[in-house]
Every structure is written in C-alpha cells, then in structure tokens.
Amino acid sequence: MASGEAGYTTTGYIKHHLTNLVYGKLPVGSTDCDGQVVSEATWKIAYCQEEISQMGFMSVNIDSMGWSIFLSLVLGAIFLYVARTIDFTAPSGRFVNLVETIIEFVDTQVKEIFHGKSSFIAPLALVIFTWVFCMNLLDLVPVDWIPMLFEKFAHTPYMKIVPSTDPNITMGMSFTVFLLVIFYSLKYKGPIGFAKELTMHPFEANNTVMKVLLIPINFVLELVTLLSKPISLGMRLFGNMYAGEFVFILAAAMLGTVQFIGAWPWA
C-alpha cells in the first residue's frame, strides 16, 4: 500500500496508517461514509474519519485491543512452556536462559525498589516489562505489511499493529499501576503512614507550628508529583512510539513517491 496506491495521496497515506480500526455506535442523526443520515443508532466498524469522530468516547480501538491480547497470549504461552520444560538438574538451553535472565533482572529491580512482601508485585512488573517490550517490538514490522494483509483478506479499512502508539493502551496501563501503587501503599504503610508520606515531605521542620504550616504546602507538592507520574509515563511511552511510527510511515510514503518497481521500496 505504497503512497499513491488505492487512490492515496502522501497525506492520505500517512493519515490512513495512523488511524485505528474503531468499533463504536453511530448515533441517530450522524452521517455515514456515504453521506447518508443515520436514522437508527448502529453499532459498526468505522470506515472513515467522519464515522470515527461521531462515535465519540464509547468506542473501541479493535486493533490496539486485539494486538495487546494477542501479545499477552504469546507471552503467557512462552512463560508456561519455560515453566514446564525447565530442568534444574541439567543445563538449560539458550531460550530458557534468556527467559531466566529477564526474570532475574526484573526481580532484582523490584527488590531494590519495593521493600515489602508481596507475591504480586514482581510478576506484575515482569508482565509490564515484557508486554511493553513486545508492543514496541512490533514497530520493527514494515508499516505496509500487516495493513495490506488485513485489508486484502479481512477487508478492514484500518489496522495499527503497535498498541503503544495508542494513548488508550499506555494510559490504561499507567493508571492501573498507579491505582495498585496507592493500594499497596495503604496496605503496607497504613493510612497514617501514607498520609505522613504526603504531608511531611519534602519540607521538614522541628518546630510543631512550622510542621503544621508546612503540611498543606507539602501535600500540594507531593500530590502533584504523585498524580503527574502516571500521566507522564503513559504519555511519554505513547509519544516516543507514535513519533517513531510516524517517522517509519513518512519514510515509506517518501519511498512510495519514487518510481521504483519491485522489492526496493519494501526493503
């Protein structure tokens, strides 16, 4: 699907590759891709930008969700295979050694950061680390290959295969972890300990009156820091991957304008 094919201009080609495959509800009074007014609310796949914008917030990016679930199943199968085949009495193969190295690396990082006792934190960190890595790895697949296959065989209008280029995915993960951080902070530090963490730092004083006066200042500063972490992490991952995807798509669009026939633009 190089630039210029199927009626795409360079701008249209870039917009097409940056658009998610969306499933949502077209409300009554909206217009479909043919310009017809919808007389009855309809759940459908959006086939143009106008339909996507009219579906609003309560729509689902099928490609982001689908590829995320697919990668999670692949990772689950890999770790299940390693868990069932590992033999502690004999040398492990290269693939098993690689998985063990990843697990040990994540476990070490968790122990250095989290000093409580939980059988949930390290597996969660492992899932996030490997999941995000695999999502980002899909960015190395040439930008035309998967969309062309889905357009030809599944007749889908759009297909973005890198879930981390979708802010719904990155922000969803970051806010989920944020809520878990709050939960485990309350669980292991208690409400009073967690409140002290938010109100007694970064400014400290020995005088009781000054401590009381500094509480609202500390609370505002710590609250801003606490709330900014999930937003900054989610948006940073999205921004980095979206920019990288845009560069690849732009390069493919530029190659498509060159009058080469054969495998060179694909390479």
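Tutor: A crossing counts as right-handed if the near helix is turned clockwise from the far one by less than a right angle. Keep that in mind as we look at this predicted model.

Student: Which handedness does the crossing of helix 4 and helix 5 have?

Tutor: The crossing of helix 4 and helix 5 is right-handed.

Student: Why is helix 4 called oblique to helix 5?

Tutor: Their axes cross at roughly 125° and come within 9 Å. Oblique is what remains outside under 35, over 145 and 65 to 115 degrees, so helix 4 is oblique to helix 5. Among the residues making this contact are F105 and D107 of helix 4 and F129 and T130 of helix 5. The contact residues divide into ten nonpolar, one polar and one charged.

Student: And what makes helix 5 roughly antiparallel to helix 7?

Tutor: Helix 5 (residues 121-137) and helix 7 (residues 167-199) pack at about 170°, with axes 13 Å apart. The cut-off for roughly antiparallel is over 145 degrees, so helix 5 earns that description against helix 7. The contact includes W131 and M135 of helix 5, and M173 and Y184 of helix 7. Its residues comprise eleven nonpolar, no polar and no charged.

Student: Which residues have the most contacts inside the largest nonpolar core?

Tutor: They are W67, L138, M159, I161 and M173, in a core of 23 residues. Strand 1, helix 2, helix 3, helix 5, helix 7 and helix 8 each supply at least two residues of this core.

Student: What does I161 touch?

Tutor: Leaving aside residues up to four places away in sequence, I161 touches W67, L138, V141 and I146.

Notes:
Residues numbered from 1 in each chain as written. Predicted model: local features only at pLDDT ≥ 70, side-chain atom pairs only at ≥ 80, totals over all residues. Heavy atoms only, no water. Axes fitted to C-alpha atoms, helices over the stretch in contact; angles between N-to-C directions. Helix = DSSP H or I, 4+ residues; strand = E, 2+ residues; numbered from the N terminus. Contact = heavy atoms within 4.5 Å. Nonpolar A, V, L, I, M, F, W, Y, C, P; charged D, E, K, R; others polar. Core = buried A, V, L, I, M, F, W, Y, C linked by side-chain atoms within 4.5 Å. Buried < 20%, exposed > 50% of the residue type's maximum accessible area, 1.4 Å probe, protein only.
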